[in-house]
Each structure stands twice: as C-alpha cells, then as structure tokens.
Amino acid sequence: MDVAETFASLMSPEGRVDPYPTYERLRAYGPVVQVGPGTYAVTGHAEAAELLRDPHVRVLEGDVRDAVMPDWRNSPALSSIARSMLRTNAPDHGRMRRLAAGAFTPRRIADLREVVAAEADLLIDAMAAASRDGTPVDFMAEFAYPLPLRVICELLGVPAVDRPLFRRWAADLTGVLEPEITEAELAVADAGATELRGYFTELVAARRREPGDDLITALVQAHDAGERLSGEELLSNLVILLVAGFETTTNLLGNGLTVLLAHPQAADALRRYPEHAPAYVDELLRYDSPVQLTTRASGAALVVGGIQLPAGSWIVLLLGAANRDPRRYPHPERFDPWRAQLNPLAFGAGPHYCLGAGLARLEAQIAFVTLLRRLPELAAAGMPRRRDRLTLRGYDNLPVALGALA
Ligand code: HEM
C-alpha cells in the first residue's frame with residue numbers, strides 16, 4: 001500500500017472503527033506527508049500545533065468549497081456550517097467568536113456546574129432503577145447522550161420539552177463534519193438543518209419579545225444592537241453550537257468511560273482522589289480523541305516538518321494521530337493520567353480553539369467522578385459498538401453493568 005492508499009484507507013469501514021494502526025503507517029513517512037495532489041496529512045503534534053496557529057493557514061471558506069461541491073449554498077446543512085465561525089476566517093471570525101464567547105460568562109458556567117451535577121445524579125438514579133434486576137444498560141443512551149444534551153439546551157435556552165427534537169437534529173447534522181458524505185446522509189442533514197433553523201427562528205423571535213438569561217438572548221441582542229451579527233450568522237452560529245457542542249461531549253463520555261473501565265486501578269485512584277479529575281480528563285481526551293481531524297488550506301507557501309507546502313494546499317490535521325505522537329507522548333498507547341504537560345490537541349489550537357473546551361472538561365470531570373463514586377461496581381458488560389464515523393469518534397452503544405449503588 002503506498003502513502004495515498006494508506007491515507008484513503010482511513011475512510012474504509014475498518015479505518016473508521018480503528019484509525020490508530022493507519023496513523024502509525026502514515027507517521028512512518030514523516031510528521032507531514034503528501035497524500036494526494038495538493039493534499040497533505042499531518043500526524044505530528046508539534047507540526048499540527050504550528051499549522052493551527054499559523055496566520056497563513058485558513059479554514060476552508062466558500063470559494064475553496066466551490067471547487068469541491070459547487071452547489072453547497074443550496075444545502076441548508078452545508079451552508080449553515082460554512083457560514084458559522086467554525087468555517088470563517090479573520091476578520092469576521094473574531095467578531096462572531098467574541099460575541100458568542102461573551103455569552104460564556106463565569107456566572108453562566110457556575111450555574112451550569114450545578115446543572116451538570118444534578119443531571120448526572122438524576123441519570124444515575126434512572127439507570128439504577130432500570131437495571132434493578134442486574135440487567136446491563138446502554139451507557140450511551142442512558143447517560144452519554146442525555147447529559148450533554150441537557151447542558152447545551154440549558155446554555156442555549158431551549159425548553160426541556162424540546163430536547164428530544166434537538167437530539168435528533170444534532171444526529172442528522174453531524175454527518176456534515178465527516179470528510180465524505182453520501183447523498184442520502186446529506187439529504188437527512190438538510191432536512192434536519194431546515195427544521196432546526198425554523199425552530200431557532202421562532203425561538204429568536206420569542207427571546208426578542210421576552211429576553212432570557214441564555215446564549216440565544218445574548219446573540220439576539222448582539223444582532224439587534226447595530227447589526228454586529230447578521231441574521232444568517234446568528235442562525236448559523238446557533239446551529240454550530242449544537243453540532244459542535246453535543247455529540248463531541250457525548251463521545252468524550254463514552255470513549256472516556258470505556259478507557260476507565262479497562263483500567264480499573266486508574267479508575268480506583270480517581271475514585272479515591274477526585275481532585276485529579278482534570279488530569280484524567282485531559283489524558284482521556286488525548287488517548288481517544290472525540291474529534292479526530294480537522295482541515296485547513298494554506299494561504300501562502302509554507303515549510304513545516306521539513307516539507308514544502310505550496311500556497312493553496314489542502315491540509316488534513318489528524319488530531320487523533322498528533323495526540324499519539326511518540327515524540328510528544330512517550331508510550332502514547334498507554335493510558336497514563338500522570339503525564340506531565342498533557343496539552344492534547346483534542347480541542348484544536350489557535351484562533352478556532354474550541355469555544356466550549358472549559359464546559360466540556362467540566363462536564364466530563366463531574367460525570368466521571370460522580371459515576372465512579374456512586375457506582376463502585378460499574379463494569380463493562382459486553383462489546384461496545386463503534387459508530388461508523390472518522391471525524392467524530394465515539395460509540396453507538398456501550399453496555400455496562402451497574403452493580404449496587406454506593
Ligand atoms: C471548535 C473539539 C465541545 C463549541 C472545536 C474544535 C475542536 C473541538 C477540535 C476546533 C475545530 C477546528 O479547529 O477546525 C471539541 C471537543 C469537545 C467539544 C473534543 C468535547 C469533548 C464543545 C462544546 C461547545 C463547543 C461543549 C459549546 C458549548 C465549539 C465551537 C467551535 C469549536 C463554537 C468553533 C470555534 C471557532 O471556530 O472559533 N471544538 N469541542 N465545543 N467548538 Fe468544540
């Protein structure tokens with residue numbers, strides 16, 4: 001298999017289920033490697049961090065997209081993502097990002113801390129009730145999906161009755177973050193995007209009439225105060241907050257719990273010393289990253305990792321591979337929460353560094369500590385099933401046996 005075939009094999013069903021052996025085959029060619037005409041893949045940690053921070057390296061905007069998929073503007077799903085901050089460069093990016101970031105106030109995060117803790121307890125009680133006779137439960141359905149869904153809806157100001165709708169729309173839309181999407185998946189994503197945008201349009205009107213203490217109100221006020229955010233930008237950024245903030249966190253909970261259950265001594269140490277939760281969560285983010293890749297285009301000729309990248313190159317940053325770079329993390333295949341200076345690239349780096357990183361970390365820290373404390377016998381109960389996705393890496397189903405409540 002040559003380098004191009006090796007890279008392409010990441011998109012095969014086996015590559016998507018377990019990309020790590022393929023990352024190592026790519027790494028053998030070097031930290032930055034040409035994998036096709038004008039296309040480069042990055043597996044090195046230092047090189048990926050450097051590129052993500054380089055002002056000449058830009059997210060792929062509409063004109064670049066035109067070359068790949070000329071009618072993306074007619075797709076509600078693709079155009080929502082493309083017009084959000086995630087796919088916008090300076091100067092518009094900074095304007096949108098500051099407005100949204102202003103809504104993540106310390107007080108709102110402190111309120112969310114209480115929401116996460118209360119919701120984690122409720123979900124554990126519900127799981128325990130459902131498996132009173134010892135039947136295994138699906139951790140993904142009963143905990144890993146509902147917890148981040150509750151939090152993102154709380155942050156946005158979505159009423160509790162509408163949460164199931166959000167769960168479906170988010171699932172319909174996540175396909176657009178993958179490197180390849182089938183026509184059928186795009187049709188599902190477009191239908192979901194249309195409904196979600198319709199819903200947000202109504203909610204925006206409601207918050208304009210009656211402001212709340214939530215992110216939608218904050219963004220509506222930014223829009224109304226001198227058009228600092230256009231109507232289209234407002235909707236697109238609400239869509240990206242749901243798409244970026246929900247399933248990513250779900251996958252951190254599922255991937256992370258699987259690793260903890262496979263390392264009972266480490267899990268036990270966390271049970272006894274919950275103050276180490278931040279280091280544990282960062283190592284879990286490194287070890288099996290919920291977001292495995294992102295893409296960029298070079299706006300100028302660059303040299304990185306000893307390789308020349310001509311202007312206009314398309315760059316695939318394999319964050320999951322960078323987080324397993326042995327030059328940065330000795331024995332990267334070992335789960336070791338005692339590593340010094342973790343700084344995984346799981347949330348990216350540079351101007352697009354994840355806006356919700358603090359919130360996602362908080363959710364995972366509270367969730368794992370609460371699960372281990374209240375369920376001292378928690379154990380895997382059968383083979384989990386991986387989702388057939390490369391960018392958003394997670395499980396479809398994760399059976400666990402709860403044992404007795406503490
Ligand atoms: C951006 C990962 C949770 C909102 C990103 C990026 C990554 C990422 C890798 C950068 C993408 C790029 O550079 O192309 C994750 C992971 C999460 C998580 C692994 C959970 C474990 C969240 C949450 C929210 C959120 C909870 C919101 C509440 C965003 C937004 C951006 C972003 C708005 C775009 C920022 C920008 O373009 O300036 N995330 N994310 N994420 N994330 Fe997250």
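Two residues are in contact here if their C-beta atoms, placed from the backbone, lie within 7 Å. With that in mind, this briefing on a predicted model begins with a pair of helices, H11 and H12, whose axes come within 8 Å. It then turns to an open sheet of five strands, to an open sheet of three strands, and finally to Pro 264, a residue of helix H16.

**Helices H11 and H12**

- Helix H11 covers residues 163–173 and helix H12 covers residues 183–209, and their axes cross at roughly 140°.
- Angles over 145 degrees would count as roughly antiparallel and those of 65 to 115 as roughly perpendicular, and H11 and H12 are therefore oblique to each other.
- The crossing in which H11 passes H12 is left-handed.
- On the H11 side the contact is made by Leu 165, Trp 169, Asp 172 and Leu 173, while the residues they meet in H12 include Val 188, Ala 189, Leu 196 and Tyr 199.
- Sorted by chemical character, the residues of this contact between H11 and H12 comprise nine nonpolar, one polar and two charged.

**The five-strand sheet**

- Strands of a sheet pair through backbone hydrogen bonds, and they may do so either parallel or antiparallel.
- In this open sheet the strands follow the order S1-S2-S8-S5-S3, and the pairing is mixed.
- The edges are taken by strand S1 (32–36) and strand S3 (57–58), each of which has a single partner strand, so one side of each is left without a neighbour in the sheet.
- S1 and S2 run antiparallel and are joined by four bridges, with Gly 36 standing opposite Thr 39 in S2.
- The hairpin of S1 and S2 has two residues between the strands, and in this hairpin Gly 38 takes a positive phi near 70°.
- S2 and S8, by contrast, run parallel and are joined by four bridges; Ala 41 has Val 316 as its bridge partner in S8.
- Strand S5 (residues 294–298) pairs with strand S8 (residues 314–317) in the antiparallel sense over four bridges, and Trp 314 in S8 is the bridge partner of Ala 297.
- Helix H4 (residues 45–53) lies across S1, S2, S3, S5 and S8, and the direction in which H4 runs is at about 130° to S8.

**The three-strand sheet**

- A further open sheet has its strands in the order S4-S12-S9, and the pairing is antiparallel.
- Strand S4 (137–138) and strand S9 (379–380) stand at the edges of this sheet with a single partner strand each, so one side of each is left without a neighbour in the sheet.
- S9 pairs with strand S12 (residues 399–401) over two bridges in the antiparallel sense, and Ala 380 stands opposite Val 400 in S12.

**Pro 264**

- Pro 264 has its place in helix H16, which covers residues 264–272.
- A residue counts as exposed if 12 or fewer other C-beta atoms lie within 10 Å of its own, and Pro 264, with 12 such atoms, is therefore exposed.
- Although Pro 264 and Leu 378 are 114 residues apart in sequence, they are 10.0 Å apart in space, taken from C-alpha to C-alpha.

Technical notes
Residues numbered from 1 in each chain as written. Predicted model: local features only at pLDDT ≥ 70, side-chain atom pairs only at ≥ 80, totals over all residues. Axes fitted to C-alpha atoms, helices over the stretch in contact; angles between N-to-C directions. Parallel < 35°, antiparallel > 145°, perpendicular 65-115°, else oblique. Left-handed = near helix turned anticlockwise from the far one by under 90°. Nonpolar A, V, L, I, M, F, W, Y, C, P; charged D, E, K, R; others polar. Pairing = 2+ DSSP bridges. Buried ≥ 20, exposed ≤ 12 C-beta atoms within 10 Å, placed from the backbone.
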